[in-house]
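Let us walk through this structure step by step, moving from a single pair of strands to the chain as a whole and then to its neighbour.

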Amino acid sequence: MSIEVGTQIGELAISLTRAQLVRYAGASTDFNPIHWSDRAASALGLEGVIAHGMLTLGTALRVVTDWVGDPAAVRRYSARFTHPVVVPDDDEGAEVRCVGTVSAVAEDSVTVTIEVTCGGQKVLGAVTAEVSRKGLQ
Amino acid sequence: MGRTYPPTAPYEVSAAKIAEFAAALGDPNPAYSGEAPVAPPTFAAVIGAAAWDGLFADPELDLSLERVVHADQTFVWHRPLRAGDTVTGALNIDKVRCRGAMEIVGVTVRVATLEGEPVVDSSSTFVHTRATS
């Protein structure tokens, strides 16, 4: 596959459920109650329990790591948290859709921009990941 | 501003914790399991969280975790974090801006091995809202 600006590298639709939020709280040690208690979330004016921003961020990066294969090729990753992902207390959860597109190509690296939405709403802004070209044949 | 906190207690990255973190992300990438697993890139958040604890516990700053919103995040990796690495995170306050009852705080946690080899820098911007009385 030729890698040039505009090349779509992949897309991903991942459902974040309450069960996964609990798992991520434990794994990341981020026990902020807005990620597991509706009471705490609504006290802050949120619609309900929201996903950890870092969980959404980590999920979106999969578009890139699935593409390069080797996660060690990722050199830089940044994003803004623009809109919370509200996760309902049901079996379906909230579906986060991620689409990765090459936005810059340099001699030794490729930059990918990822569009991350939930229910048509952009939830992360300026999501870019730089990967080493070494991993890309 | 410019304040640097003492590094966090040494943290040993285990294959089991890598597997737990990858499962929490729902990511089956084979690099996260097997004989010599690497950590998912955003695993740096685990060490970052420990470093943030020091920031939020600083009585001089009087920041409350319940009043903080994470606004943006940047990771820069020098090399992947691997099972068997023992690392610490040193937090530096890069910038503080005040806007009324809001403070915008930029911090960087530098994660390095005990020998001082840099692994990953994790920069975050937080928006903190002071309680109004």
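In strand 5 of chain A, which residue is the bridge partner of A:C118? The partner is A:Q121, and this pair is a convenient place to enter what is a predicted model. The two strands concerned are strand 4 and strand 5 (residues 121-132) of chain A, which run antiparallel and are joined by nine bridges. They form a hairpin with two residues between the strands, and within this hairpin A:G119 takes a positive phi near 60°.

Strand 4 of chain A, which covers residues 109-118, also pairs with strand 3 (residues 94-105) of chain A, again in the antiparallel sense and over nine bridges. Strand 3 and strand 4 of chain A form a hairpin as well, here with three residues between them. One of the bridges in this pairing can be followed by eye, since A:V99 has A:E115 in strand 4 of chain A as its bridge partner.

The side chains along strand 4 of chain A alternate between two faces. On one face lie A:V110, A:V112, A:I114, A:V116 and A:C118, which are buried, whereas A:S109, A:T111, A:T113, A:E115 and A:T117 point to the other face and are not buried. A:C118, the residue with which this account began, thus belongs to the buried face, while A:E115, the bridge partner of A:V99, points to the other.

Stepping back to the whole chain, one finds three helices and five strands in chain A, arranged along the sequence in the pattern β-α-α-α-β-β-β-β. The C-alpha trace of chain A spans about 50 × 30 × 25 Å along its principal axes, and buried residues make up 42% of the 137 residues in the chain. Among the contacts in chain A with a separation of 6 or more, 65% are between residues 24 or more positions apart.

There remains the meeting of the two chains, where 28 residues of chain A are in contact with 26 residues of chain B. On the chain A side, the elements that give two or more residues are helix 1 (18-28), helix 3 (53-68) and strand 2 (74-81), and the residues of this side divide into 12 nonpolar, nine polar and seven charged. Strand pairing also crosses between the chains: strand 2 of chain A and strand 2 (residues 68-77) of chain B pair in the antiparallel sense over five bridges, with A:Y77 standing opposite B:F75 in strand 2 of chain B.

Note on methods
Residues are numbered from 1 along each chain as its sequence is written. Chains are lettered from A and ligands numbered from 1 in the order in which they are written. This is a predicted model: local features need pLDDT of at least 70, side-chain atom pairs count only at pLDDT 80 or more; totals for chains, interfaces and linings use all residues. Two residues are in contact if their C-beta atoms, placed from the backbone, lie within 7 Å. Helices (H or I, at least four residues) and strands (E, at least two) are DSSP runs, numbered from the N terminus. Ala, Val, Leu, Ile, Met, Phe, Trp, Tyr, Cys and Pro count as nonpolar, Asp, Glu, Lys and Arg as charged, and the others, Gly among them, as polar. Two strands pair if DSSP finds at least two bridges between them. A residue is buried if 20 or more other C-beta atoms lie within 10 Å of its own, exposed if 12 or fewer, and partly exposed in between; C-beta atoms are placed from the backbone.
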